[in-house]
Amino acid sequence: MTEYKQCILVRDDLKLPKGKMAVQVAHASLAAYEWAKPSVQEAWKREGMKKIVLKVDKVEDLFRYKEEARKMDIPTALIQDAGLTTVPPGTITALGMGPADAIILNKIVGHLKLM
């Protein structure tokens, strides 16, 4: 049986305040979820909506992981901030990946550290 999870990658170089980071993670989770197939959405919800938040060093890392996920047919969503509080408008803050097969996600980002 496939186990599903979601990975949210956040830029560590921005040093976002905890509240701001939480909001960016929420945006990334929901936005990526909306791109998943309905059957995957339902399975992920039944399993408890497992997710993990990981850190990357810079914005280029988000683009690289987005491309790797795209090649594996994993739904993704890059998040750009509106710039109303702590970062300039249009700053890319996070990448949501999945829900998708946990084994495949681990192959792509399993080496990253927890945020």
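I began at Asp81, which touches Lys20, Gln24, Val87, Pro88, Pro89, Gly90, Thr91 and Thr93, leaving out residues up to four places away in sequence. The model is a predicted one, which I kept in mind throughout.

**Entry: Asp81**

I looked up where Asp81 sits. It is in the loop between strand S3 (76-80) and strand S4 (92-101). Is Asp81 buried or exposed? The relative accessible area of Asp81 is 7%. I call Asp81 buried because that value is under the 20% cut-off. I then checked the side chain for polar partners. I found a polar contact from the side chain of Asp81 to the side chain of Gln24, at 3.0 Å. Gln24 also appears in the contact list of Asp81.

**Entry: the whole chain**

I stepped back to the fold. I counted 4 helices and 4 strands in the protein chain. Their order along the sequence is β-α-α-β-α-β-β-α. The radius of gyration is 13 Å, and the globule rule gives 13 Å for 115 residues, so the chain is as compact as a globular protein of that length. I noted the C-alpha box along the principal axes: roughly 40 × 25 × 20 Å.

What share of the 115 residues is buried? I read 44%. For contacts with a separation of 6 or more, I found that 74% come from residues 24 or more positions apart. The accessible surface is about 6,500 Å². Carbon and sulfur atoms hold 58% of that surface.

**Entry: helix H2 and the aromatic pair**

I listed the buried residues of H2: Val40, Gln41, Ala43 and Trp44. I asked why some of these positions could share a side. An α-helix has 3.6 residues a turn, so residues three or four places apart point the same way. Next I looked for the cover. Strand S1 (4-11), H1, strand S2 (51-56) and S4 are among the elements that cover the buried residues of H2.

How many aromatic pairs does the structure hold? I found 1. Tyr33 and Trp44 form this pair, with 5.7 Å between centres and 40 degrees between planes, and it is tilted. The pair links distant parts of the chain, from Tyr33 in helix H1 (residues 18-33) to Trp44 in helix H2 (residues 38-46), 11 residues apart. Tyr33 and Trp44 are both buried.

I also checked charges over rings. The charged end of Arg64 sits over the ring of Tyr65, at 4.5 Å from the ring centre.

**Entry: Ile108**

Tyr65 came up again in the next search. I placed Ile108 in helix H4 (residues 102-109). Ile108 has a relative accessible area of 6%, so I log it as buried. Which residues is Ile108 in contact with, leaving aside neighbours within four places? I found Tyr65, Glu68, Ala69, Met72, Ile74 and Met97. I took one C-alpha distance here. Ile108 and Met72 are 36 residues apart along the chain, and their C-alpha atoms are 9.4 Å apart.

**Entry: Glu3**

I moved to Glu3, in the segment before S1. Glu3 is partly exposed, at a relative accessible area of 41%. Outside four places in sequence, Glu3 touches Glu47, Lys50, Ala100, Asp101 and Ala102. With Lys50 there is a polar contact, side chain to side chain, at 3.0 Å. I computed the C-alpha distance from Glu3 to Ala102 as 5.8 Å, with their positions 99 residues apart in sequence.

**Entry: backbone checks**

I went through the backbone angles last. Where is the cis peptide bond? I found it joining Gly98 and Pro99, with omega about 20 degrees. Pro99 belongs to strand S4.

Then I turned to positive phi values. Gly48, just after H2, has a phi of about 105 degrees. Met49 is not a glycine, yet its phi is positive at about 55 degrees. Met49 lies in the loop between H2 and S2. Its relative accessible area is 38%, so I log Met49 as partly exposed.

Asp73 is another residue other than glycine with a positive phi, near 60 degrees. I placed Asp73 in the loop between helix H3 (59-71) and S3. Is Asp73 buried or exposed? Asp73 is exposed, with a relative accessible area of 59%.

Note on methods: Residues numbered from 1 in each chain as written. Predicted model: local features only at pLDDT ≥ 70, side-chain atom pairs only at ≥ 80, totals over all residues. Heavy atoms only, no water. Helix = DSSP H or I, 4+ residues; strand = E, 2+ residues; numbered from the N terminus. Buried < 20%, exposed > 50% of the residue type's maximum accessible area, 1.4 Å probe, protein only. Polar contact = N/O pair within 3.5 Å; in protein donor to acceptor, adjacent residues only side chain to side chain. Contact = heavy atoms within 4.5 Å. Phe/Tyr/Trp six-rings, centres within 6.5 Å; stacked < 30°, edge-to-face > 60°. Lys NZ or Arg CZ within 6 Å of the ring centre and 35° of its normal. Rg over C-alpha atoms; globule rule 2.2 N^0.38 Å. Areas by Shrake-Rupley, 256 points an atom, 1.4 Å probe, with all protein chains shown as cover.
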